[in-house]
Amino acid sequence: MSLNVLIVGAGICGPALAMLLQKSNPKHNITIVERSPSLRSTGQQIDLKTQAPHILRKMGLLDEIKSNCVNETGLEMVDSKGKQIALFGASASGQRRPGLTSEHEIMRGDLVQVLYDASIKQDAELRHESGNGKGVTYVFGETITALDETTEGVDATFFGGQKKRYDLVVAADGQGSRTRRLAFGQEVSDAAFKSLGVHAAYYSIPRIEGEGSLARGHLAPGRRMILTRTSDRPVTGVLLFTMKESSRLQASYQKSLEDQKESFAEMFKDADWQTDRLLAGLKTSDDFYAHEIGQIKMKQLSAGRVVLLGDAGYCPGPFTGLGTNLCLVGAYVLAGELARRGSDVAGALKSYEEKMRPFINDCQRFSSTTLGFLFPSSQLGIWSMNRILWAVSKISDIFPRSQQDDHWKDLPEYPELNLAS
Ligand SMILES: Cc1cc2nc3c(=O)[nH]c(=O)nc-3n(C[C@H](O)[C@H](O)[C@H](O)COP(=O)(O)OP(=O)(O)OC[C@H]3O[C@@H](n4cnc5c(N)ncnc54)[C@H](O)[C@@H]3O)c2cc1C
């Protein structure tokens with residue numbers, strides 16, 4: 001039984017799902033619409049840990065991913081003069097220890113590109129097996145404006161007014177998913193966003209001499225944190241985080257990128273350390289991305305034949321470092337359940353929901369109280385926090401937690417996906 005599937009969003013989980021579905025049944029007809037006119041391959045470093053390396057290995061992509069990984073050796077926390085306060089090493093894949101850096105760190109854009117290229121390559125190889133199917137088709141600069149459930153499928157209306165019927169529509173359009181809003185209604189969709197009270201901006205600036213392969217972190221008074229990540233790249237990634245209440249920042253997300261940049265520059269102008277350099281680079285950066293950090297918590301992952309995947313359905317927030325892992329688990333389980341149940345789409349969606357819940361709960365388990373401690377408001381609070389970070393770094397050196405390379409055992413097995421064992 002072949003399915004006519006529409007995937008909305010060509011980020012990370014959209015292309016991954018398309019690949020998995022096509023591999024399980026080359027006769028599926030899969031369309032991916034991406035709002036952006038081309039692949040959105042910006043963003044900073046992301047971690048691939050727990051189940052993600054295992055899924056990518058099964059898809060035959062882990063070697064390619066590894067060759068694109070950046071070489072970050074750990075994280076040093078510094079004071080306002082740049083003097084080291086604490087040093088955290090990198091964790092091996094599967095090892096859980098305090099710090100920022102894991103074995104597989106990749107630029108988001110490189111991961112998006114690897115997945116996209118691999119799906120195009122696979123499509124070229126499998127298209128001849130597709131019979132009347134059309135394989136995988138990407139449509140850039142396109143989105144949907146309405147969804148109507150019928151007894152035979154779900155009708156999607158495209159931006160240009162065209163209407164098409166699908167057996168399944170997958171919302172893979174990220175944290176602010178418009179597809180989620182169309183399928184579940186504005187109220188339910190908005191209520192799913194649980195703010196963690198942190199605003200974040202990410203962008204790149206030119207690297208300077210002396211910046212090594214360590215990430216660097218600096219706490220500034222007024223509940224602000226700055227991170228720089230250079231690894232072995234020619235540019236430095238800058239991450240600005242603040243827990244300070246700011247109606248200006250909040251309002252800026254509805255405005256232009258220039259307005260967002262100005263709001264962050266105003267917020268960080270007196271944050272010491274390398275602030276002058278980082279804010280000068282902010283003005284000219286061309287990959288700036290800012291948002292309010294939160295988690296997406298939905299009671300249900302599907303409404304009729306529309307299903308939520310990745311950040312659209314269960315974003316855990318960047319502080320967990322597990323968003324990409326969770327979205328790849330989601331693509332794997334959704335493709336696996338659809339492959340197992342053939343034409344029983346409703347049964348596959350029910351089982352996808354049941355199987356995903358433990359992974360979602362695990363990845364979303366997060367203490368906002370701990371987060372609050374990481375953003376002290378006073379100099380005294382920063383002094384205390386820096387002493388705590390120093391102690392934690394020493395303890396984790398003396399008692400590193402044992403290797404836990406068995407996260408893949410939690411994944412269901414799907415021989416129907418025709419992947420490597
Ligand atoms: C530009 C960008 C930069 C990011 N930078 C970072 C980062 O630095 N660090 C980090 O940890 N995470 C970052 N993320 C988030 C990270 O990619 C996700 O948390 C995670 O990997 C889950 O991926 P996803 O495929 O569910 O969603 P995303 O990776 O967010 O992909 C969603 C895709 O859907 C597209 N889209 C959105 N709305 C529509 C629509 N209405 N119609 C059609 N297409 C639509 C988007 O353009 C995007 O390509 C970034 C996301 C984006 C979009």
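## Exercises on burial, strand pairing and salt bridges

Arg127 is partly exposed, with a relative accessible area of 37%. Its side chain meets that of Asp123 in a salt bridge (2.8 Å, N to O). The model is predicted: local features need pLDDT of at least 70, side-chain atom pairs count only at pLDDT 80 or more, and totals for chains, interfaces and linings use all residues. Residues are numbered from 1 along each chain as its sequence is written, and side-chain values use heavy atoms, with hydrogens and water left out.

**Exercise 1.** Determine how strand β14 is covered and which strands it pairs with.

*Solution.*

Step 1. Fix the terms. Buried means under 20% relative accessible area, exposed over 50%, and partly exposed in between (1.4 Å probe, protein chains only). Strands (E, at least two residues) and helices (H or I, at least four) are DSSP runs, numbered from the N terminus. Two strands pair if DSSP finds at least two bridges between them.

Step 2. Assess the cover. In β14 (residues 224-229), 6 of the 6 residues are buried, so the strand is largely enclosed by the rest of the structure. In a regular strand the side chains alternate between the two faces of the sheet. Here Arg224, Ile226 and Thr228 lie on one side and Met225, Leu227 and Arg229 on the other, and all are buried.

Step 3. Identify the partners. Strand β13 (residues 214-220) runs antiparallel to β14 and is joined to it by 5 bridges; His218 stands opposite Ile226. Strand β15 (residues 235-242) is likewise antiparallel to β14, with 6 bridges, and Val238 is the bridge partner of Thr228.

Step 4. Inspect the turns. The hairpin of β13 and β14 has 3 residues between the strands, and Gly222 takes a positive phi near 85° there. The hairpin of β14 and β15 has 5 residues between its strands, with Ser231 in the turn at a positive phi of about 45°.

**Exercise 2.** Describe the surroundings of strand β9, including the salt bridge between Glu152 and Arg165.

*Solution.*

Step 1. Strand β9 (residues 154-158) is mostly covered, as 5 of its 5 residues are buried. Val154, Ala156 and Phe158 point one way, whereas Asp155 and Thr157 point the other way.

Step 2. Strand β8 (residues 144-149) pairs with β9 in the antiparallel sense over 5 bridges, and strand β10 (residues 163-166) is joined to β9, also antiparallel, by 4 bridges. Ala156 is the bridge partner of Leu147 and stands opposite Lys164 in β10.

Step 3. A salt bridge is a side-chain nitrogen of Lys or Arg within 4 Å of a carboxyl oxygen of Asp or Glu. Glu152 and Arg165 form one, their closest N and O atoms being 3.4 Å apart. Glu152 lies in the loop between β8 and β9 and Arg165 in strand β10, so the pair ties together parts that are 13 residues apart in sequence.

Step 4. Glu152 is exposed, at 52% relative accessible area, while Arg165 is partly exposed, at 39%.

**Exercise 3.** State how many salt bridges are counted, and characterise the pair Asp47 and Lys49.

*Solution.*

Step 1. The count comes to 19 salt bridges. Among the linked residues, Glu72, Glu105 and Arg229 belong to a network of salt bridges.

Step 2. Asp47 and Lys49 form a salt bridge with their closest N and O atoms 3.1 Å apart.

Step 3. Asp47 counts as buried, at 10% relative accessibility, whereas Lys49 counts as partly exposed, at 23%.
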